[in-house]
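Here is a short note for you to read beside the structure. Please keep the sequence open as you go.

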Amino acid sequence: MSVDWNEFWVKVVDATGETVYMVLITLALSAVLGMAVGLALYATRKGGVLPNRVVYAVLNALINVIRPVPFIIAIVALSPVTRGVVGTMIGTEAAIFPMVVVATFGVARIVETNLLAVDTGVVEAARSMGASPLRIVLTVLVPEALGPLVLGFTFMLVALIDFSAVAGTVGGGGVGNLAMTYGYLRFDTSVMVVTVAVLIVLVQIAQLLGNLLARKILRR
Amino acid sequence: MIELRHVTKTFPTRDGNRKSEFRAVDDVSLTVERGSVFGIVGHSGAGKSTLLRVINYLEEPTSGSVLVDGQDLGALGERRRRAVRRSIGMVFQQFHLFRSRTVLGNVAYPLGLAGHSRREARERAGEALRFVGLEGHARRYPEQLSGGQRQRVGIARALATSPKVLLCDEATSALDPQTTGEVLDLLERVNAELGVTIVLITHEMDVVRRICDRVAVMADGRVVESGGVYDVFARPKHIVTSSFVRSALHDVPEGAALERLRARHGGRLVTVPVTRDGADGPDLSRLLRRYGLDFAIAHAGVGEVQHLPLGSVTLELRGPDDAIDAFLTELAGAGEVAVA
Ligand SMILES: Nc1ncnc2c1ncn2[C@@H]1O[C@H](COP(=O)(O)OP(=O)(O)OP(=O)(O)O)[C@@H](O)[C@H]1O
Ligand SMILES: [Mg+2]
């Protein structure tokens, strides 16, 4: 039994909208949270602008525990917490929670790595001008690392499109859900093809925008 | 203006699994007078940069005290120290400009830190750029400038907040000789026109001779010699100092060059110093005439140090041996003579 495409297009458009919503909300939340954790990691490391061994060790361990867990396992493992926070374990909102958790720590690592790549000389220059540690992080490190950071966020965005599809297959909404319920369970190849095409197009658009923005910032 | 008292800085090191410490700066005491240009020279690893960074407490000394404009930086909290740093500009070998900011943005940055409004900061940054001759490049980015221009931006940025002291860490070492000259001219103007006290680090004695009033020579973390630039050049005491001085004056033939001179000149070679107070031209020619000696110039290196002549001339003397001996004895009485 195959779907009636005259009606089914509406479902595809709705699902795409849901996916974009999930991904953008997650990106916004994890960008803010991940930035905070990443800055804290950078600042508290040994020889950093505000060294603190305990804070660094805790954050670092947390990231190293969460990052290697496959996303599908993370969804399941986090589901009790998800239910506590969101109130339910299915639907778009329920999918967003584990995505934010995982993405936050991914973003944190991206932020830390790119800040570390900034030439220590400009940090020294800012210190010599009497800048405080917080000021250095916000007005020197982040602007100096912005180009690579945008590329890192783009990488995260693409990963989130992937995550959203995975979340969709286990009760979240969006394109993944569509592929699961119509494409997989009803063996409809055309639905499979269309959903894959939608995901590919979304990824292309994300990467293109990210590259354009980074190029503008890097001036090359 | 700046006073260092018994400053020592050690870094922990691990040598195998035995912990020890490395003395980068070892019991250094020195005074930099207000309005002077003070040079610090030394070979790589001598501790020059560490010492400079101690002056604005970017590096906290392990012991000893640092006084800038009468204030003991060690007695201040970090917040007050940051305020003091705003009155001390710093210039770096690799410029360390912010790539994310325009030239004007770079120069305006320390003004923002000092609490100036955006407009005021841009205005004063514009003035600093005019001083270094880069007002036409305000909207460019650092990568669009040459090395010399970048360093002038670095100097403008360091001067934007009208500091009393400028610390320069190898400010010209990444530049070619002509650009080095331009940057040194600029630093001279900074000192003369703005009255800024300058401490500069270099491994080129030529830089010292061009713009410094006083110089300290460092080796293995210690200041092995210091004094007025002319005196140190004319009478270096420490072996490190003399090698630095020779590298700048090129006035005494050595090694292979000396062998070649010996092969070319059959007569006796004599090196006579030329100083502001030692043997001078007329004296030498009068003596030579008195002993009936002829001479040829084999080697010479005489230049200006602090606008006074300094260097030496190596002569090949021709004439009877006893006349030469008598001539040398008399010359030695007047100043130093080295028989090459
Ligand atoms: N943070 C640090 N930790 C450990 N050792 C250090 C540190 N900073 C400097 N040193 C050591 O201190 C010594 C002096 O370094 P410094 O940078 O002051 O030398 P320098 O005279 O400026 O040399 P150069 O001309 O190469 O710049 C060097 O042996 C260096 O390895
Ligand atoms: Mg150095």
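The points below deal with the two domains of chain B and the interface between them.

1. Start with the status of the coordinates. This is a predicted model. Every value below is computed from it.

2. Next, the division of the chain. The domain assignment splits chain B into domain 1, residues 2-248, and domain 2, residues 250-334. Their centres, taken over C-alpha atoms, are 40 Å apart.

3. Now the contact between them. Eleven residues of domain 1 of chain B touch eleven residues of domain 2 of chain B. The two domains bury about 1100 Å² between them. Carbon and sulfur atoms give 48% of that area.

4. Which residues in domain 1 of chain B lose the most area to domain 2 of chain B? They are B:Arg209, B:Tyr230 and B:Arg246. Together they account for 64% of what the domain 1 side buries.

5. Then the polar side of the interface. Between domain 1 and domain 2 of chain B, four residue pairs are in polar contact, both residues at pLDDT 80 or more. The rule finds zero salt bridges across this interface.

6. Look at the elements too. On the domain 1 side, helix H8 (229-234) and helix H9 (239-249) of chain B each give two or more residues to the surface that touches domain 2. H8(B) has the largest share, with five residues.

7. Last, the residue classes. The side of domain 1 of chain B that touches domain 2 has six nonpolar residues, four charged and one polar.

Methods. Residues numbered from 1 in each chain as written. Chains lettered and ligands numbered in written order. Predicted model: local features only at pLDDT ≥ 70, side-chain atom pairs only at ≥ 80, totals over all residues. Heavy atoms only, no water. Domains from an automatic or database assignment. Contact = heavy atoms within 4.5 Å. Buried area = accessible area lost by both parts, 1.4 Å probe. Salt bridge = Lys/Arg side-chain N within 4 Å of Asp/Glu carboxyl O. Polar contact = N/O pair within 3.5 Å; in protein donor to acceptor, adjacent residues only side chain to side chain. Helix = DSSP H or I, 4+ residues; strand = E, 2+ residues; numbered from the N terminus. Nonpolar A, V, L, I, M, F, W, Y, C, P; charged D, E, K, R; others polar.
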